[in-house]
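Let's take a walk through this chain, starting with the empty spaces inside and moving on to what packs and pairs around them. Keep the viewer open as you read.

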Amino acid sequence: MPIREQEFLDAAVSQGLIEDDQLMEIRRSANTQGISSLEAITIAYRVPLKALYHAVAAERNIRFVDLGVYPIDEQAAIEMAEIGLRRGVIPVCDQDGKIILATAEIDDLALISAVERSLDILAEVALATPSAISDAVQFIRKLRNEELATVEVEEEDAADLFSRVINEAYLHHASDIHIEPAENTLRIRFRVDGRLINFISSIPVEIGRSLISRIKVFSGLDIAEQRAPQDGRMQFELSNGISQDMRVAVIPTRFGERITMRLLGTTEENLTLSTLGMLDTELEAFRRAIQKPHGIVLLTGPTGSGKSTTLYSALKEINGSWRNIITVEDPIEQIVPNISQVQVGASDKVTFDSALRSILRHDPDVVMIGEIRDLPTADIALKAALTGHLVFSSLHTNTAIGAVTRLMDFGCEPYLVSATLVGAISQRLVRRLCPACREEVDVDDANRALLGDHELKRQFKSVGCPQCLGTGYSGRIGLFECFWTGEETRELISNGAAEHEISRVSGDLHKTMFRDGLDKVSLGLTSLEEVIGVTIGASI
């Protein structure tokens, strides 16, 4: 017997997925659209169905099983009674290798007993979502050498899977979808909060091929070409009516074509300086820097550390009718209203060098350069800052003060760097602890040894709940190392001083990333493990 809808609604309220006063609107929306209340919650509040099942499991004090994470016990799946497979009971292994029976029909005790007898076990029963059960059943039927669907049904399954994957990626706040072929199956993973998570571990290869063909058609790619990389774009209308833009890349591998889909504009467009994660002192200093009439402010860090997001947030903060703001980017990652954005590489005639020389004749107040990659770009940026423009850009360095050294390595004159550099910020992204389930713990001896001379007042650990889909984390937050120039540091830079000399005299103008991370650990914003994981090799 399926779980009653009311139990899902009660669990969703109890576990904090929705508010009690939202139930009436949910029911009204469900009736108007002719859908279930669970679908209405998913559409209106961007809550994956997985979270609702997780909430019911938490209320019943039973285990919730994500079948993308828990591996199927293949031997048990082959030996299991047919009635179990037909009714959606999936034998999976936990971390200790013990068999768990996952099902959406959690209250059908007779069914569970029949499966246990067929396997000669007494197993823990866990809750799973119907769609995950359906995916697992297809895989098990393939294991059992049963005939899969006809071509027509495979195409229908691929169409449903295509729609579900994109909608679920959006609901999970994923930045990328990875579709990866293996010898006999296909795996789908989402990148969420910077980490890849399994969505579906095993898809029959027949359905996988149909899925890949469908994606190529929607992306305007050549479905007959399977031996060369291809790039494309597509739009897909989600179940909530939003049109989702995606960038699609296809590359041939040993076992077939691999696809990576970047979901554009789903996770970062609403971020502001206040929500990036800068603490009050650093945020105030950054705001002062971006309001200066001229100079250059640099963001540093590896690819994927959030530099572009910080730059866009700064532009949005100072964007006003009296300012002329022009950007030069490759590619343009976000569209910002009332700002002129130049795409480098749109034609052979538009390069960073040529675009920058041109836009300086368009009377800009603020110039944002996506990345400084060479001496010509760096030289124009510094001279623009020297002649009365405020310039923002990014560099690939590990530390904030390293931006000075990198500019010198390009061949920039030290006096020009010292005269124009307002400051540099190095940043990394760490996962944010879920505020609904984090727990305060004592700092153990092993972690205390890692701290060295640094003090840590409090520490929190991740736990896992329906709101964070059991991960213990929800979203990401930045760690920042901020370096602002003063009279002494400008003189050192002008004299070509080394990084350690500049760091030694910067004093209160320079806060290390590790210290910033520890402050956020004490506030319960992230975990010590996350901070240590991204600050190894960075300035401590």
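**From cavities to cores to charges**

Helix H8 gives three residues to the lining of the largest cavity, the largest share of any element. Keep in mind that we're looking at a predicted model. This cavity has a volume of about 150 Å³. Its lining runs to 16 residues, and Lys50, Thr129, Ser131, Ala132 and Phe199 are the ones closest to its centre. H8 (130–143) isn't alone in giving two or more residues to the wall: helix H4 (49–60), helix H9 (151–171) and strand E6 (195–204) do so too. As for chemistry, the lining is a mix of seven nonpolar, four polar and five charged residues.

How many cavities of 30 Å³ or more are there? The count comes to two, and the second largest has a volume of about 40 Å³. Around it you'll find Thr42, Ile43, Arg46, Tyr170, Leu171, Ser239 and Asn240. Helix H3 (37–45) and H9 each give two or more residues to that lining. By class, the wall has three nonpolar, three polar and one charged residues.

Now for the packed parts. The largest nonpolar core has 35 residues, and those with the most contacts inside it are Ile296, Leu298, Ile372, Leu407, Val417 and Leu421. Helix H14 (residues 375–386) gives the most to this core, with six residues. Zoom in on Leu421: leaving out residues up to four places away in sequence, it touches Ile296, Leu298, Val404, Phe483, Thr485 and Ile493. Apart from this core lies another, of 31 residues, with Ile177, Ile188, Met246 and Leu263 among them.

Phe483 leads us on to another residue, as it is also in contact with Thr489. Beyond its neighbours within four places in sequence, Thr489 also contacts Trp484, Ile502, Val505 and Ser506. Thr489 sits in helix H18 (residues 487–494). Is Thr489 buried or exposed? Its relative accessibility is 2%, so it counts as buried.

Next, the charges. Side chains of opposite charge can pair when their charged atoms come close. Here the count comes to 28 salt bridges. H8 turns up again in one of them: Glu82 and Arg141 meet at 3.0 Å, N to O. That pair links distant parts of the chain, with Glu82 in helix H6 (residues 82–86) and Arg141 in H8, 59 residues apart. Glu82 has a relative accessible area of 30%, so it is partly exposed, whereas Arg141, at 19%, is buried. The pair also belongs to a network of salt bridges that links Glu82, Arg86, Arg141 and Arg144.

Another salt bridge brings together the side chains of Lys142 and Glu206, at 2.6 Å, N to O. Lys142 lies in H8 and Glu206 in helix H10 (residues 205–218), 64 residues apart, so this pair links distant parts of the chain as well. Lys142 counts as partly exposed because its relative accessibility is 33%.

Finally, look at a pair within one helix. The closest N and O atoms of Asp516 and Lys520 are 2.8 Å apart, forming a salt bridge. Both residues lie in helix H20 (residues 513–522), four residues apart, which is about one turn of the helix. Are these partners buried or exposed? Asp516 counts as buried, with 1% relative accessibility, and Lys520 is buried too, with a relative accessible area of 0%.

Terms used. Residues numbered from 1 in each chain as written. Predicted model: local features only at pLDDT ≥ 70, side-chain atom pairs only at ≥ 80, totals over all residues. Heavy atoms only, no water. 1 Å grid on protein atoms, 1.4 Å probe; cavity = no way out; pocket = protein on both sides within 12 Å on 5 of 7 lines; lining within 4 Å. Points joined across faces, edges and corners; volume = space filled by probe spheres on them. Nonpolar A, V, L, I, M, F, W, Y, C, P; charged D, E, K, R; others polar. Buried < 20%, exposed > 50% of the residue type's maximum accessible area, 1.4 Å probe, protein only. Contact = heavy atoms within 4.5 Å. Core = buried A, V, L, I, M, F, W, Y, C linked by side-chain atoms within 4.5 Å. Salt bridge = Lys/Arg side-chain N within 4 Å of Asp/Glu carboxyl O.
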